[in-house]
Amino acid sequence: MTTYLQTLPAEATHNLGRTSRSILKKVRDGRNVSAYRQMKRIVSLRYLKRAFLKHGRGLPRAMYQTVFTKLPVKKNLVIYESFLGRNYSDSPKYIYEYLRKNFPGKYKHVWIVAKGADVNIPKHKDTITVRRFSFRYMYYMAVSNYQVINMRQPQWFQKRPGAKFLSTWHGTPLKHLVFDMDNVASANPLYKQIFYKQSRQWDYLVTANQFSVDVFKHAFMYPEDKMIKSGYPRNDILNAPDKDERQAQIKAKLHIPADKKVILYAPTWRDDEYYG
């Protein structure tokens, strides 16, 4: 950078602000440490400004980035989030229940709950809940050694060295996703770029079936050797030893004749059919 800037004529930086010109001059003169310190002050002031302008969310995030990510990782801490903290459900729920049953007392479990969400998290000594985007949420996101999440993590999330991120996703990709979408009309214009960056932090991606494996390879550009081809933990119940008894109870509760097959059709949104 120093060599490059020394080749530029002075008028090339006339349109820049005074601060930017000051930093570039320091780099051009080889005073890199001084330039670094000035940039660090600017970034710190920017975070502080955001903290006070974002109505409460900014300050916890600033604490996450400047303080919490400097703390030691807690080796036996597992954090769970299902549908942005709106549910106690899906594969994170069944992974949580499996760990508690088979490894009692080994892990501390933290469930993320969205503000205002009515989520019935079980009350156990080894389990706590934290409100999404609160100070405690930021703290546990920073120090957890395991993250089990069924959607995307926040853009600002920094996976700590040695930590393991398990993406359970939340369904078989029957619709077009990410890089298979021609036009992302209802999302951020940088959606694909952001998704790619976020998914690179996933250590593993749980897949429900071979169809999902094939789709995720091009829709997420995710490497097959990092996929766990186990089926979704949430679907284990469909092959449980008491599945017939459960089925009979549900049909009785919903007043469905015992000899009738039940099909649930619940399509999700279709981005290709989005109209502003």
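Ser 22 sits partly exposed in this predicted model, its relative accessible area coming out at 27%. That value lies between the 20% limit for buried and the 50% limit for exposed, so the residue falls into neither class. Ser 22 belongs to helix H2, which covers residues 18-28. Its side chain makes a polar contact of 3.4 Å with that of Gln 38. Tyr 98, on the other hand, is a long way off: 76 residues along the chain from Ser 22, with 57 Å between the two C-alpha atoms.

Turning to the sheet, seven parallel strands make up an open arrangement, ordered S3-S2-S1-S4-S5-S6-S7. Strand S3 (127-131) and strand S7 (227-228) are the edge strands; each has a single partner, so one side of each has no neighbour in the sheet. Strand S1 (residues 74-81) runs parallel to strand S4 (residues 144-149), and five bridges join the pair. One residue to look at here is Glu 81, whose bridge partner in S4 is Ile 149. Helix H5 (residues 90-102) packs on the sheet, where it touches S1, S2, S3, S4 and S5. The direction of H5 makes about 160 degrees with that of S2.

Then there is the largest nonpolar core, with 48 residues. Those touching the most other members are Tyr 64, Tyr 80, Tyr 137, Trp 169, Trp 202, Phe 216 and Phe 220. Helix H6 (residues 135-143) is the top contributor to this core, supplying six residues. Beyond its neighbours within four places in sequence, Tyr 137 is in contact with a mixed set of residues, among them Glu 81, Ile 112, Arg 131 and Trp 156.

Technical notes: Residues numbered from 1 in each chain as written. Predicted model: local features only at pLDDT ≥ 70, side-chain atom pairs only at ≥ 80, totals over all residues. Heavy atoms only, no water. Helix = DSSP H or I, 4+ residues; strand = E, 2+ residues; numbered from the N terminus. Buried < 20%, exposed > 50% of the residue type's maximum accessible area, 1.4 Å probe, protein only. Polar contact = N/O pair within 3.5 Å; in protein donor to acceptor, adjacent residues only side chain to side chain. Core = buried A, V, L, I, M, F, W, Y, C linked by side-chain atoms within 4.5 Å. Contact = heavy atoms within 4.5 Å. Pairing = 2+ DSSP bridges. Axes fitted to C-alpha atoms, helices over the stretch in contact; angles between N-to-C directions.
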